[in-house]
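Trainee: I would like a close look at one residue in this protein. Please start there, then work outward to the rest of the fold.

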Amino acid sequence: MSQDAALRERAARVIPGGLWGHLRVQGLPPGYPQFFSRAQGCRLWDADGREFIDFMCSWGPVVLGHHDPDVQAAAAAQARLGDTMNGPAPVLVELAEHFTSLVAHADWVLFAKNGTDATTICVTTARAATGRRKLLVAQGAYHGAAPWCTPYPAGTTAEDRAHLLHYRYNDIASLEQAAAQAGEDLAAVLVSPFRHDYGVDLELPTPGFATAARALCDRTGAALILDEVRTGCRLDLAGSWEHLGVRPDLAAWSKAIANGHALAAVTGNDRYRAAAASIFVTGSFWCGAVAMAAALATLRKLQALDGIAQMRAMGQRLRDGLGAQAAAHGFRIRQSGPPQMPLLLFDDDPDCALGTAFCSLALQRGVYLHPKHNMFLSVAHRAEDIDQALQATDDAFAALARR
């Protein structure tokens, strides 16, 4: 029995379902490992020692590469001084100053631990500021795992989501219709920087849609909330809608801001400062100084290296190679999303059978892809890593064609 299989057996006896949440591999093809022994740069090793070039980056938190030496050094230095104490360390203020200097709309920031923390704080702040209840969210969008937003309703009540109204992403008429339904009770519009729903083509925002969302909030007095949990630090350090000329009132951040250390953030403008101060949100570990030191090092290194440009370039190299390979082997594929957050789907593959088979074959050849979820590049991905991965995917396409 493999080490991974043995660990799964042991876990099943002491953990309901063997594991919880999005890191369970039951939804992935057979052969995907559940347990990993180590990671370095853009590579990781499973419990049985198999090495993979990693295109999931821990589902987004790793942006500089696993175990980045500068981030780890900053975290270790802070750990020697203290982490979770009776109050925050001075690094809290330093990080807050630096973060607000980077994010274009941000007059203030507060910190938490998970993406769900951040989106929930944004919504709570908007409701505190406006005295209203209704929240507009895009159909199929994911904003966390709390009862108000989880896509899996087990254990929740209808009342948990009684004030959610839905619109279609990039559909201005749908957005306006949802706002009209909310009427004078509209507290906020929550929107992802691009549509990254599971298992469907990724969809970039149209300038008209982003502008319309901002205008709607200005007209109604509602908050525009941008969910940067997945996109933050991968599209634009100043904010993912900066290139559209649209700034949110509030934004939720997590995943990549501390390169794998547990941290989340909420940024906001001065209109929402008093409301953010009035709500009670907290956590025993939310002021942990080690993650904050890691975040400060991460942000500074991303700036110094122009890390976003590097990820975009390597993502485009991967995309170009996969496109050429698919055509050469007689497959039609669709690649969508920003190059640094790619998704690959096959045409005429409604049940994702081809995509699943392709990813399984790539995994056997040492490349960790995902058949339905957007993937992630990191600064640690170099041209030689992309080219090695493409050698494996070319073999995977050839094997798939032989089937």
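What does S58 count as, judged by its relative accessibility?

Mentor: Keep in mind that this model is predicted. S58 counts as partly exposed, because its relative accessibility is 36%. Two cut-offs settle that: buried means under 20%, and exposed means over 50%. The residue is found in the loop between strand 3 (51–54) and helix 2 (69–81). Now check its backbone. Phi of S58 is near 60°, which is a positive value, and S58 is not a glycine. That deserves a second look, because most residues other than glycine have a negative phi.

D348 makes a useful companion. Its phi is also positive, near 50°, in a residue other than glycine. D348 lies in a loop too, between strand 12 and helix 10. Its relative accessible area is 64%, so D348 is exposed. A glycine joins the list: G337 has a positive phi of about 90°. G337 sits in the turn of a hairpin formed by strand 11 and strand 12, with six residues between the two strands.

Stay with that hairpin. Strand 11 (residues 333–336) and strand 12 run antiparallel, joined by four bridges. In that pairing, S336 stands opposite L343 in strand 12.

Strand 12 also helps to enclose a space. Strand 12 (343–346) and helix 10 (353–364) each supply at least two residues to the lining of the second largest cavity. Helix 10 gives the most, with three residues. The lining consists of L344, F346, G355, F358, C359, L369, H370, P371 and M375. By class, seven of them are nonpolar, two are polar and none is charged. The volume of this cavity is about 40 Å³.

F358 leads us further in. It is among the residues that touch the most other members of the largest nonpolar core. That core holds 107 residues, and F55, L136, Y167, W241 and L263 share this distinction with F358. Helix 8 (residues 289–305) gives the most to the core, with 11 residues. The general background is simple. In soluble globular proteins, nonpolar side chains tend to be buried together.

Take W241 from that list. Which residues does W241 contact, once neighbours within four places in sequence are set aside? They are Y169, V191, S192, P193, P205, A210, L224, L226 and V246. There is also a second, separate core of 27 residues. C122, L135, A252 and A264 are included in it.

A264 takes us to another strand pair. A264, in strand 10, stands opposite A112. Strand 4 and strand 10 (residues 264–268) run antiparallel, with five bridges joining them. Is strand 4 enclosed or open? Five of the five residues of strand 4 (residues 108–112) are buried, so the strand is largely enclosed by the rest of the structure. Its side chains alternate in direction. W108, L110 and A112 point one way, V109 and F111 point the other way, and all are buried.

Back to the empty spaces. There are three cavities of 30 Å³ or more. The largest cavity holds about 60 Å³ of space. It is lined by 15 residues, and H105, E228, A238, G239 and P248 are the closest to its centre. Its lining has nine nonpolar, three polar and three charged residues.

Pockets are open, so treat them apart from cavities. The second largest pocket contains about 280 Å³ of space. It has 13 lining residues, with L204, L235, S240, H243 and P338 closest to the centre. Eight members of this lining are nonpolar, three are polar and two are charged.

Now return to strand 3, beside the loop of S58. Strand 3 belongs to an open sheet of four strands, in the order 1-2-3-13, with mixed pairing. Strand 1 (36–40) and strand 13 (367–368) stand at the edges with a single partner strand each, so one side of each has no neighbour in the sheet. Strand 1 and strand 2 (residues 43–46) run antiparallel and are joined by four bridges. Within that pair, A39 stands opposite L44 in strand 2.

So, back to your residue. S58 is partly exposed, because its relative accessibility is 36%. It sits in a loop after strand 3, and its phi is positive.

Key:
Residues are numbered from 1 along each chain as its sequence is written. This is a predicted model: local features need pLDDT of at least 70, side-chain atom pairs count only at pLDDT 80 or more; totals for chains, interfaces and linings use all residues. Side-chain values use heavy atoms; hydrogens and water are left out. On a 1 Å grid over the protein atoms alone, a cavity is a set of points where a 1.4 Å probe fits but cannot get out, and a pocket is an open set with protein on both sides within 12 Å along at least five of seven lines; lining residues have an atom within 4 Å of a point. Grid points are joined across faces, edges and corners, and a volume is the space filled by probe spheres set on the points. Ala, Val, Leu, Ile, Met, Phe, Trp, Tyr, Cys and Pro count as nonpolar, Asp, Glu, Lys and Arg as charged, and the others, Gly among them, as polar. A nonpolar core is a set of buried Ala, Val, Leu, Ile, Met, Phe, Trp, Tyr and Cys residues joined through side-chain atoms within 4.5 Å. Buried means under 20% relative accessible area, exposed over 50%, partly exposed in between (1.4 Å probe, protein chains only). Contact means heavy atoms within 4.5 Å. Two strands pair if DSSP finds at least two bridges between them.
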